[in-house]
Each structure stands twice: as structure tokens, then as C-alpha cells.
Protein chains: 2
Amino acid sequence: MSTKPARPTIRDVAIRAGVSMTTVSDVVNSKGRVDPATRERVLTAVSDVGWRPRRSARALRSGRTGVFAMCLPLGHVGVGDWLTNAEYDMALVAACAAATVDSDRQLLVAPRPTDVRDLARLDVDGVIIADPREGDQALTVLNNAGVPAVTIDRDIQRTDGWWVETDNTGSTLQVLDHLTAQGAKRIALVTADAPWAWFEDTSAAYARWCAEHDVKPQVRLIDVERPRATAAAGVRSLLRLKNPPDAIFAIPYGTPLGALDAITESGLSVPGDLLLAGGMDGQMLQVSSPPITAVDLRPIEMARAAVDLLARRVSGEKAVGPVVIQTELRVRESTSRR
Amino acid sequence: MSTKPARPTIRDVAIRAGVSMTTVSDVVNSKGRVDPATRERVLTAVSDVGWRPRRSARALRSGRTGVFAMCLPLGHVGVGDWLTNAEYDMALVAACAAATVDSDRQLLVAPRPTDVRDLARLDVDGVIIADPREGDQALTVLNNAGVPAVTIDRDIQRTDGWWVETDNTGSTLQVLDHLTAQGAKRIALVTADAPWAWFEDTSAAYARWCAEHDVKPQVRLIDVERPRATAAAGVRSLLRLKNPPDAIFAIPYGTPLGALDAITESGLSVPGDLLLAGGMDGQMLQVSSPPITAVDLRPIEMARAAVDLLARRVSGEKAVGPVVIQTELRVRESTSRR
DNA sequence: CTCCTTTGACGAAACCTTTCGGCAAGGCTA
DNA sequence: TAGCCTTGCCGAAAGGTTTCGTCAAAGGAG
């Protein structure tokens, strides 16, 4: 006549182990003082009974939910271009999910909060923001509400040290040096002037490198909403110069293909007449003809580092400055002159 | 000397509105009976005070967490090929997130549970499983634990009606008819024999169509781990036949490009000598040369439908059979013979 | 005028875990 | 032996919401 097939609680464990609920709690949370023998007894009781603490009860009492939220720039769901960075974003999400689970937390994906009400609904311990825009609205909201946040890529207006970024300067120099080593003399840059650290750092590094190497900088800006078409237009204008570039470094995803369009159109070839490199690797660059050399931004490493950093921030540690991830250059046919 | 900058609770709302906490709760949950005037008073009190119910407290009492989990096939994070369907998966995640938020829930992304312990950690109201494998382990675990689940795409061993699927048969026929209309006489199929409904349905529809149209079926199977390379090999073997096909329908993502490789290699052209269509649309098919006609599997619609279905299952409704989403054929240059 | 039903609202218990202060027993010091 | 500290454990309160049963007042029927 037993009417208790219900999910076990900490009380069941306590009874089974012959201790108090407090002691069980202390054991599973590694708090307080408890005799090793007792600890052992409790742990076996836990697994015998098959108990898992309710996240909600724990959260209610402790004030910590054990949940991180990840805010992606999902604004354009459904609109044509919005998947341009799908690969990168998906890698971020997947890796964040894996990392949060490893730390016994959960990862929530959410549209970016623009308003305190959205935020309150979130009810999480911390937030990871991918690709923050300059002075990101969401970030302000979170700061005001006292919700710990870290960003993946740096918000250029921020200086608090709570973010993860790639070594944009280093990767730019690496690309420029590589192109030079392959014989390029006049390297042009295709980028955007959107307020993202990625673009700013790259442009700055390029300018400095040009100055140091006594090369005349040639830059073309594209419209991030239509990367391929506007990149093609930009490169066309470069090719019409009296002294056209012999190599192109195209940053935003999609622009290397636009560059390739323009070059092919002009009857020139890659890598024969021009070298071509991309700033963000992805399938499309791997399968184009020729395959295009590009910078691997290491999204998986970025994500893991971000989760780690957020965990530290949530637990009250002081900021130690941003985490910098080294990128890797994937050399392919488009820059292999022989 | 006010020491209460704390987050407001339902009690604060109750006091402000001059009613009991019970009444506030009834109002916000549309339960019980409450006078329209009172309801109004409570609602303004809620927004005056700026109160949002704690998810954890609500969950603790009601037993419902307001969270759905989404399990993706994230097994291969980090391994080379794993991002093949990144675009599709990302669209699923994004759309699921949007849809759950719309229904005032949250979406959690998680690795697929393989074991009851993983599952207990989940602590969610329901689970969405994308791309279930035949007799998916996770599904068994969930069923045994009594956790409501729906799948995106059908688990071919299941018959309970709780899933969302695309009209694979319809889309196959649409492609075959389209190719025929463009002049194809001998259409070959490149697919995989992995135990997924997508492949099974397509193969079956193809076989039936061939029988009805008195066409000799020609099928090549690929290795899903290396779609492009094995598809190229398969198509090479087709082209060596004494009576080679004049059109190819390549299903898994990546295979149309492999087919294109093999065709180009043989000195033939698309769409001049052969027509080519893909079973799953994506950027790589849009930007290849020529752009390749493909089936848009409507991930966004699938996701929204899945969330909707799960909500119904969670609230105890009876299954009404699977939800079928109509696909759309994106016609491009690769099948445009003129 | 009485009795019954409906309406509108409420008090208190329950949900499950963590936290806080306390307490008994044993060991050590002087 | 007295006093103090450490160890190991526990009781009870607290955290915010929903649920259950109750109840007074108003309305309707006879």
C-alpha cells in the first residue's frame, strides 16, 4: 500500500544515511565539516536513493540558479542574410553548452535583452554576450541590474576586463607577413567600419604595418548587410587603379568570395595574379575554388574561456583583464604561389 | 533609513494593491475567480512595483520549471566535419529560442542525455530532440523517466505522433518532377543509408517514382562522415556507366558539391550536360558555381512547430499525429536548362 | 424571511533545499 | 582539574510562490 513513487528528496537520503539533512547538504556541497566516514555513507545513500537536488529549491534558498544565459545577435531571424556567421555562432553555442554542463550548470539561449523586463525574466546567474556592439544596450541593462556578464569579443567602449577576445592584431600581422612571404608587395584591405573591435583592431594593425613597411595602405569598406556584393564592388575599384594591389585581405565573412567574384570577372586569377586571404574561416572558404586561406578565430576556445571567465566573475573574483585567444592561420591554395 | 533595495516579491504587490498574495497569484496566472476591477488594480500594482515572479519559487511550488531543453547532436564538437549542418542547426536553435521565449519559457541547450543521471540534472518540463537516431537512446531514457519529449524529424521506430517532420516524400517528388520538366530522362540519387527518416523516405519515394515513370533507378550511397569525397566517388562511378544519368539529386549536405567536383573533373558541365539538385539548402549551395537548386527544409518553421507541439504535450493533450511542414524548392542555375 | 448557490477573496500549508547559530563530546593546555 | 578550542553534527528558519480548503457577503428562489 505504499503510495510513494515520488522523486526522492534530501530527506530520504538523510534517513537512509542516518544523518540530518544539513549533513547531506554539506556533503554534496563540500561545505562545513564532516567526518570522512560519514561523507562516504552519505554519498552511497545518495546514489542508492537516486537523489538529485531540485535546481529550483536550491535556487530559491541560495539565490543562485546555476544557469548561464547566452545572448546571440538573433535579431534577424528569418531575414535573408542573418545566417552569415551561423557556423561561428553555432560553434560558440555548442562549446558554451558543453562547458557550462561540465561545470554543472545549464546554458540558456536567449534573444538579447533590450529592456529590464526581459532581463528580469531571465533569472540567471550570469550572461554571456556574443559580438557586443559598441556600448551595447544589453550590457548597460545588465550592469544596471547587477547581473554579471562577460562578452565574447571586446566591447570597444569597455575597460572592465571582463571579456574574451582574439588576438586581432597578431593575426593581422601574421596574415600580412604570410602574404609578403608569398611575394606580395601591395596588400589591400577589405573591411567594414562597423563599431566592432575586430574591425578596429585589424584596421589599426594594418595601418601600422603599412607605415612600418613603407607600403601605401589601400582600404575598401563594405556594407555588413551585403558583404559579398559590396566587397566585389570595392575590389573592382581597386583593380581599376593605375597601380592595383597584388594581394587582398578581406575581413568580414563573405567578402573573400566577393573579392574572388571581382577578380575572376576581370579575367585575373587567384593565386596566379593576386593572392587572397580571409579574416574569418568557414566552410564557404574551404570549398570555394580555389580554397581560400583564412584566419581561424577559434570559436570553441573562445567559448570555453568565456564560460570560465563568467564563472569566476559570478563567484566574486576580481577582474584580471581580458583573456586573449591566439588565432591560427589556415593556409590554402589562394595564397600558395609556386 | 530604508534598507530595502531588494527585488520585490509578490507580497509587495499584494500590499500595494490591497489584496492577498493569493489574489495576486490568481491574477497573474489567470486562475480562480477575481473581479475585473480587482484584476486591474493588481496588474497596475505589478507594473508599479516592477515585480516579476521568481522562476525558482514558482517552479518549486508548482513542479513546472518553465524550461524546455533542446538536445542537439553535439557529439563531435571539435572534430573536423561536425559543422556540416551548422546552418540548419543554428536556425533550429535560434527559432526554438524565439518560440520558447514567446511562450514565456526558456530554452536550454544541452548535450543529449544518455543516462538517467544526466537527465535528472536537466530538471526541465520537456525536451526537444533534433535529428533523432533510430531508436534513439535519449528518447528511451526520457520516456522511462516520464519526461515529455518531441523530436524534430521522425524517429523511424516511433509511432506515438509526437514529432515534427518535413514532407520528405512530397519534396522528393517535387524535385524529380522539376528535373523531368527541365528535360532530364535518367535521374540518379545520391544518398546515405543512415537510419534517418529523411533518407528512408527519400529513397522510398525515389524508388516508387522510378517505377511509376518506368525509369531505371540508380542510387549511390555515401559515407555521412565524408559526404563530399564519397559523393564525388559515387558520381564518378555513375558517369562511367554506359548509359550515365543526365541529372543527379544529391541529398545529404555537402554531396552536391562532391557531385559537382566529379562532373567538372570529367570535363562535363552543369547544367549543360547534367542537371544537379541538392536535398538540403544552405549557403554553400547558394555560392557555388553554378548555384545549385536545393530543397529548403524550413528549419525555422520546424522549430516553431516543435515548441508548440511540446507545449501541448506538456500540458497533457493527446497526440494528434505528427506535424508535417511543407518544404520549398529553391530553383537555381544548376537545373535551369535553356 | 429562510435557505441555498454563487461570487470574490483569503489564510496557511506545502514545495525542497541551504544557512545560521548552537551544542555536545573530546582533546589539549596550564 | 578547570578552562578553552576544535570537531562533527544538527534543529529550525528562511526563501517566494502556488494550492487547497474555507469563508463572508451578496444574490436568487421559494
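Which element gives the largest share of the surface near DNA strand C? In this predicted model, that share comes from α2(A), which contributes four residues. In total, 25 residues surround DNA strand C, and the closest are A:I10, A:W51, A:R58, B:R33 and B:T38. Of the atoms of DNA strand C that come within 4 Å of the protein, 57% belong to sugar and phosphate. When the residues of this surface are divided by character, eight are nonpolar, eight are polar and nine are charged.

Individual contacts with DNA strand C can be described for residues of both protein chains, beginning with those that involve phosphate. In chain A, a backbone N or O atom of A:I10 is placed 2.6 Å from a phosphate oxygen of DNA strand C, and A:I10 is also listed among the closest residues to this strand. In chain B, an N or O atom in the side chain of B:T23 lies 2.8 Å from a phosphate oxygen of the strand, whereas the side chain of B:R33 has an N or O atom 3.4 Å from a base nitrogen. The elements that supply two or more residues to the surface near DNA strand C are α2 (21-29) and α4 (55-62) of chain A, together with α2 (21-29) and α4 (55-62) of chain B.

Aromatic rings were examined next. Over all chains the count comes to four aromatic pairs. One of them joins B:W196 and B:F199, whose rings are stacked, with 6.0 Å from centre to centre and 15 degrees between the planes. The ring of B:F199 also pairs with that of B:W198, and this pair is stacked because the planes lie at 25 degrees, under the limit of 30 degrees, while the centres are 5.1 Å apart. B:F199 counts as buried because its relative accessibility is 2%, and the cut-off for a buried residue is under 20%; B:W198 is likewise buried. In chain A, ring pairs link A:W196, A:W198 and A:F199 into a cluster.

A further element of chain A, helix α5, covers residues 86-102 and therefore has 17 residues, with an expected span of 1.5 Å times one less than that number. From its first C-alpha to its last, α5(A) reaches 24 Å, which is close to the 24 Å expected at 1.5 Å a residue. The helix is mostly covered, as 14 of its 17 residues are buried. Just after α5(A), the residue A:D104 takes a positive phi of about 60 degrees.

Notes:
Residues are numbered from 1 along each chain as its sequence is written. Chains are lettered from A and ligands numbered from 1 in the order in which they are written. This is a predicted model: local features need pLDDT of at least 70, side-chain atom pairs count only at pLDDT 80 or more; totals for chains, interfaces and linings use all residues. Side-chain values use heavy atoms; hydrogens and water are left out. A residue is near a molecule or strand if one of its heavy atoms lies within 4 Å of it. A polar contact is a pair of N or O atoms within 3.5 Å; within protein, one must be able to donate a hydrogen and the other to accept it, and residues adjacent in sequence count only if both atoms are side-chain atoms. Ala, Val, Leu, Ile, Met, Phe, Trp, Tyr, Cys and Pro count as nonpolar, Asp, Glu, Lys and Arg as charged, and the others, Gly among them, as polar. Rings of Phe, Tyr and Trp (its six-membered ring) pair if their centres lie within 6.5 Å; planes under 30 degrees apart count as stacked, over 60 as edge-to-face and the rest as tilted. Buried means under 20% relative accessible area, exposed over 50%, partly exposed in between (1.4 Å probe, protein chains only).
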